[in-house]
Amino acid sequence: MEIKKVNSRDLKKIVKLEQNIFKKNAISKDLMEKLIQNNTFFLKLEIGKIRKQIIGFIIGIRDIKERVNIVNFLIKPKFQNKGYGSYLLQKAIEEVKKLAEIKKIVLNVQISNSTAIKLYEKFNFKRDPTILENYYQSGESAYLYRLLIN
Ligand SMILES: CC(C)(COP(=O)(O)OP(=O)(O)OC[C@H]1O[C@@H](n2cnc3c(N)ncnc32)[C@H](O)[C@@H]1OP(=O)(O)O)[C@@H](O)C(=O)NCCC(=O)NCCS
């Protein structure tokens with residue numbers, strides 16, 4: 001198992017995973033291509049020695065000077081709940097901590113996504129009291145979570 005930077009050769013596989021998991025709310029291929037070119041981190045988790053398989057990825061964007069926004073994060077369903085998500089999120093947090101002047105990591109999560117919420121709370125992310133109504137394409141609302149970086 002390895003964590004590596006995503007490159008443009010991974011685009012097709014990444015988009016397929018994204019669509020399988022997020023359906024209507026999936027990031028488009030065009031935007032994904034841009035994110036591969038321009039990101040603060042875009043990490044993939046790969047398994048297998050010869051036939052490598054991407055089983056998850058996480059994307060972070062420094063959208064303002066002191067903040068990184070995790071804009072996408074997933075683990076392939078067959079591999080969920082085995083600790084891979086925690087491993088990838090931990091690595092992403094470590095990457096952010098290497099950057100100067102960052103004060104926090106933020107992310108949005110569907111209010112119904114209890115699995116992801118549990119994971120973020122395990123990592124000490126705190127929920128903002130405001131609910132972002134109608135945040136997703138699907139019409140679902142989002143919570144904003146933040147982790148302060150010292
Ligand atoms: C959210 C996601 C990335 C977590 O990845 P994962 O590999 O399953 O996470 P882990 O195995 O490290 O589990 C982390 C924690 O999540 C919770 N969790 C994971 N799977 C769960 C399940 N099926 N039911 C309840 N809680 C679950 C647990 O609290 C777990 O911590 P613990 O094992 O210490 O109790 C993954 O479920 C996923 O890709 N979901 C679909 C996409 C998504 O929702 N992305 C986040 C968008 S904001």
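## Polar contacts of the ligand

The side chain of Ser 86 places an N or O atom 2.6 Å from an oxygen atom of the ligand. This contact belongs to a predicted model, and two further polar contacts accompany it in the description below. An N or O atom in the side chain of Lys 122 lies 2.9 Å from an oxygen atom of the ligand. In the case of Lys 82, a polar backbone atom is 3.0 Å from a ligand oxygen.

On its own, the ligand has 920 Å² of accessible area, and the protein covers 74% of this.

## The shell around the ligand

The ligand occupies the space of the largest pocket. Around the ligand there are 21 residues, among which Ile 75, Asn 81, Gly 83, Ser 86 and Asn 113 come nearest. Ser 86 thus appears both among these nearest residues and in a polar contact made through its side chain. Sorted by class, the shell consists of ten nonpolar, eight polar and three charged residues.

Several elements of secondary structure contribute to the shell. At least two residues each are supplied by helix 1 (11-22), strand 4 (67-75), helix 3 (84-97), strand 5 (104-110) and helix 4 (114-122). Helix 4 provides the largest share, with six residues.

## Overall fold

The protein comprises four helices and seven strands. Along the sequence, these elements are arranged in the pattern β-α-α-β-β-β-α-β-α-β-β. The radius of gyration is 15 Å, close to the 15 Å that the globule rule gives for 150 residues, so the protein is as compact as a globular protein of that length.

Taken along the principal axes, the box filled by the C-alpha atoms is roughly 45 × 35 × 30 Å.

## Backbone features in the loops

Two residues other than glycine have a positive phi and are described here. Glu 101, with phi near 70°, is located in the loop between helix 3 and strand 5. Helix 3 and strand 5 each also supply at least two residues of the shell around the ligand.

For Asn 134, the positive phi is about 55°. Asn 134 belongs to the loop that lies between strand 6 (126-132) and strand 7 (142-148).

Terms used
Residues are numbered from 1 along each chain as its sequence is written. This is a predicted model: local features need pLDDT of at least 70, side-chain atom pairs count only at pLDDT 80 or more; totals for chains, interfaces and linings use all residues. Side-chain values use heavy atoms; hydrogens and water are left out. A residue is near a molecule or strand if one of its heavy atoms lies within 4 Å of it. A polar contact is a pair of N or O atoms within 3.5 Å; within protein, one must be able to donate a hydrogen and the other to accept it, and residues adjacent in sequence count only if both atoms are side-chain atoms. Accessible areas come from the Shrake-Rupley method with a 1.4 Å probe; for residues, only the protein chains shown count as cover. On a 1 Å grid over the protein atoms alone, a cavity is a set of points where a 1.4 Å probe fits but cannot get out, and a pocket is an open set with protein on both sides within 12 Å along at least five of seven lines; lining residues have an atom within 4 Å of a point. A molecule sits in a cavity or pocket if more than half of its atoms lie within 2 Å of its grid points. Ala, Val, Leu, Ile, Met, Phe, Trp, Tyr, Cys and Pro count as nonpolar, Asp, Glu, Lys and Arg as charged, and the others, Gly among them, as polar. The radius of gyration is taken over C-alpha atoms; the globule rule is 2.2 Å times the number of residues to the power 0.38.
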